[in-house]
Amino acid sequence: MGPVVDTLTSGALVIEASAASPTTLRLDWTGRSTEQNPGDTLRPFFDAILTMASETGCGLELHFEELEFLNSSTVTAVIQVIRKARGQGTSLVIVFDQSRKWQVLSFDALKSFQLPDGLLQIRPAQAEG
Amino acid sequence: MSILSGQYSLPLPDVEDFDDYTQTIIHQWSKTLAALGFALIPFFFVLDVFMMPPDLLPRFAIYRLVTMALVLGQYVVIKETQPSRFSVWHGYFFSIVAGGMIAAMTTDLSGFNSTYYAGLNLVMISTNTFLPWRTIHSAVNCLILIGLYVGLNLFIPNETPVSRVALINNLYFLISTAIISIATNRVREHLIREEFGARSGLQKARDALWGDMEVAKRIQTSLLPRVRQLPGFKVAATMFPAAEVGGDYFDVIESSRGETWVSIGDVSGHGVESGLIMMMTQTSLCTAVNNDALQKPSKVLELVNTVLTENIFRLGTDRYMTISALALRGDSLVFAGKHQDILVYRREEGRVEVVPTTGTWLGVLTDLRGHLFDGTIHVDDGDVVLLFTDGVTEATNAAGQMFGEQQLERALFDYANLEVDAIVHNIARDVRSFTDHLDDDLTLIALKRVAGAATFVPGAGAT
């Protein structure tokens with residue numbers, strides 16, 4: 001992991017943004033996201049990250065492997081990130097832990113956002129090689 | 001329908017009006033004032049010992065004992081009674097008893113020349129500081145105290161002649177203290193009124209929010225299915241809505257053509273919006289399954305999604321819905337929709353089979369063609385199909401552990417040979433005893449294949 005560029009703490013959820021490579025911003029999700037309206041804190045954070053990605057031409061990698069729980073309201077916020085990233089042409093990779101049932105259920109459903117353009121990839125952590 | 005009671009209460013008083021509110025405070029603080037009185041009155045006897053001629057000490061001790069007893073009695077009365085419009089008299093009683101004692105002491109000493117009158121300032125300040133009564137009470141109370149002092153010293157014979165200078169001096173300080181007390185009281189009354197207004201506003205907001213939650217809960221629970229006849233299956237269901245309605249949904253539908261459908265889902269987020277989306281889904285699904293015969297569940301959900309995404313867009317929200325729709329066709333269940341896994345207890349093999357659901361959710365894409373797929377589950381006599389929402393598997397205990405799907409599989413295995421309503425009841429009981437509170441709705445539906453069975457059995461919480 002490269003140098004940390006930004007960190008969001010919202011309740012028991014921590015998202016750490018780091019420069020994984022000159023072309024990739026990596027966001028590691030840890031803890032639990034149980035807020036009723038997580039969009040209030042996640043939206044401005046991800047707006048800033050997406051702006052940074054757009055300005056630097058970086059792609060985003062969202063890592064959920066260490067996340068213990070993500071409620072449905074937070075999944076909504078993730079869907080918004082997917083839509084905005086696609087809208088501005090930023091490539092987005094979502095990596096999840098296949099051994100966690102709730103992650104499989106959530107991220108499998110989000111695979112419907114994957115299009116042939118390859119801008120969005122959703123894959124289990126094991127596939128990273 | 002078993003519904004958990006909500007935990008919405010903010011720490012705000014249920015107040016009818018400002019008078020009720022102040023009566024309560026006056027009553028409570030009168031008790032504190034009385035307690036302070038019976039603690040300090042004997043304490044000042046130490047001062048008497050240093051200041052008084054020895055021959056007066058027994059008399060002063062009696063003054064203090066009688067006063068202390070009266071104030072102690074007042075304390076008991078306040079403690080044993082409820083606030084009322086008479087609570088304000090406790091302030092007067094305390095002032096007259098404590099002030100009367102001080103005034104009586106000055107008559108025994110040197111009348112207006114005695115410095116003991118200073119105690120009246122303490123009584124005036126303490127009474128008007130503790131009691132948030134109206135300014136008029138504050139003013140009358142101060143007048144009574146000054147009147148007691150002047151009256152007793154003028155009319156009770158004293159060997160020391162009345163000193164006009166001392167009288168003017170003492171009255172000057174007493175009246176100044178009275179003015180300060182009254183002014184302080186006036187400011188505080190204003191602040192308390194403002195505070196009361198803010199509290200009332202918060203209370204109204206809380207009530208409005210509570211009303212919204214009740215509406216959401218009503219939407220969610222009023223649309224649940226009633227007793228149904230299901231050919232070939234015994235069905236039981238239960239739903240426990242969380243305090244802030246989580247958007248769980250289930251339905252058992254018999255189409256006009258005699259087809260039977262079962263559906264279960266969960267709208268993202270909480271509250272009224274989730275309830276509305278759940279209602280739209282229920283209505284759309286009922287309409288869709290009645291639209292044509294032998295439709296594929298995937299096609300039905302595609303249709304429902306078209307309506308739902310349009311309405312979600314119109315609402316300006318970003319909800320989505322996990323859902324599984326199952327068509328009961330003889331000894332098979334044809335299903336589609338991305339929701340939780342479907343658990344199937346196989347009686348012959350004595351094991352629980354996990355059937356994953358595929359595709360995506362409703363509301364995330366405008367067109368779901370190509371995203372939903374139909375699957376088929378064959379069920380034999382005695383097999384049990386269990387549908388559930390994430391409120392079951394994600395129920396969390398005090399240690400932060402989730403109930404989890406594996407524990408649910410074990411529970412199904414343990415209870416599968418019971419009657420279908422007992423299966424649902426026991427699993428729901430296990431989950432609720434596992435968690436100390438429900439963060440999310442909890443929904444379970446069990447379908448047990450029974451040759452010739454034709455009854456919908458409502459579960460413990462289903463009607």
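Start by selecting A:K101, A:W102, A:Q103, A:L105, A:S106, A:F107, A:A109 and A:L110, the buried residues of helix α3 in chain A. What you have open is a predicted model, so read each stop on this tour with that in mind.

**Stop 1: helix α3 of chain A**

Extend the selection to the whole helix, residues 101-110 of chain A. Since 8 of its 10 residues are buried, α3(A) is largely enclosed by the rest of the structure. What do the buried residues of α3(A) pack against? Within chain A, show β5 (67-70), α2 (72-88), β6 (92-96) and β7 (120-124). Then add α11 (404-415) of chain B, which also packs against the buried residues of α3(A). Keep α11(B) in mind, please; we will come back to it.

**Stop 2: chain A as a whole**

Zoom out and colour chain A by secondary structure. You should find 3 helices and 7 strands, and a walk along the sequence gives β-β-β-α-β-β-α-β-α-β. Of the 129 residues in chain A, 37% are buried. Among the chain A contacts with a separation of 6 or more, 67% join residues 24 or more positions apart.

**Stop 3: the sheet that meets α11 of chain B**

Now move to chain B and select its strands in the order β1-β10-β9-β6-β7, an open sheet of 5 strands with antiparallel pairing. Which strands stand at the edges? They are β1 (233-240) and β7 (351-355) of chain B; each has a single partner strand, so one side of each is left without a neighbour in the sheet. From one strand to the next, the twist averages 15 degrees.

For a closer look, pick β6 (residues 342-346) and β7 of chain B, an antiparallel pair with 5 bridges. Label B:V344, and you will find its bridge partner B:E353 in β7(B). Here α11(B) returns: this helix packs on the sheet, touching β6, β7 and β9 (384-388) of chain B. The direction of α11(B) makes about 35 degrees with that of β6(B).

Next select α12 (residues 420-434) of chain B, which lies across β1, β9 and β10 (442-449) of chain B. Helix α12(B) runs at about 25 degrees to β1(B).

**Stop 4: another sheet in chain B**

Hide that selection and show the strands β2-β3-β4-β5-β8 of chain B, in that order: an open sheet of 5 strands, again with antiparallel pairing. Its edge strands are β2 (248-254) and β8 (375-378) of chain B, each pairing on one side only. The twist in this sheet averages 20 degrees from one strand to the next.

Focus on β2(B) and strand β3 (residues 260-267) of chain B, which run antiparallel and are joined by 7 bridges. One pair to label is B:F250 with its bridge partner B:I264 in β3(B).

Two helices are worth adding. Helix α8 (residues 272-291) of chain B packs on the sheet and touches β2, β3 and β4 (321-329) of chain B, with its direction at about 20 degrees to that of β2(B). Helix α9 (residues 297-315) of chain B also packs on the sheet, touching β4 and β5 (332-336) of chain B; its direction makes about 145 degrees with that of β4(B).

**Stop 5: B:I192**

Finish at B:I192, in helix α7 (residues 164-222) of chain B. Is B:I192 buried or partly exposed? With 15 other C-beta atoms within 10 Å, B:I192 is partly exposed. Leaving aside residues up to four places away in sequence, B:I192 touches B:T22 and B:P132. As a last click, draw the C-alpha to C-alpha distance from B:I192 to B:F18: 9.2 Å in space, against 174 residues in sequence.

Notes: Residues are numbered from 1 along each chain as its sequence is written. Chains are lettered from A and ligands numbered from 1 in the order in which they are written. This is a predicted model: local features need pLDDT of at least 70, side-chain atom pairs count only at pLDDT 80 or more; totals for chains, interfaces and linings use all residues. Helices (H or I, at least four residues) and strands (E, at least two) are DSSP runs, numbered from the N terminus. A residue is buried if 20 or more other C-beta atoms lie within 10 Å of its own, exposed if 12 or fewer, and partly exposed in between; C-beta atoms are placed from the backbone. Two residues are in contact if their C-beta atoms, placed from the backbone, lie within 7 Å. Two strands pair if DSSP finds at least two bridges between them. Axes are lines fitted to C-alpha atoms, for helices over the stretch in contact, and angles run from 0 to 180 degrees between N-to-C directions.
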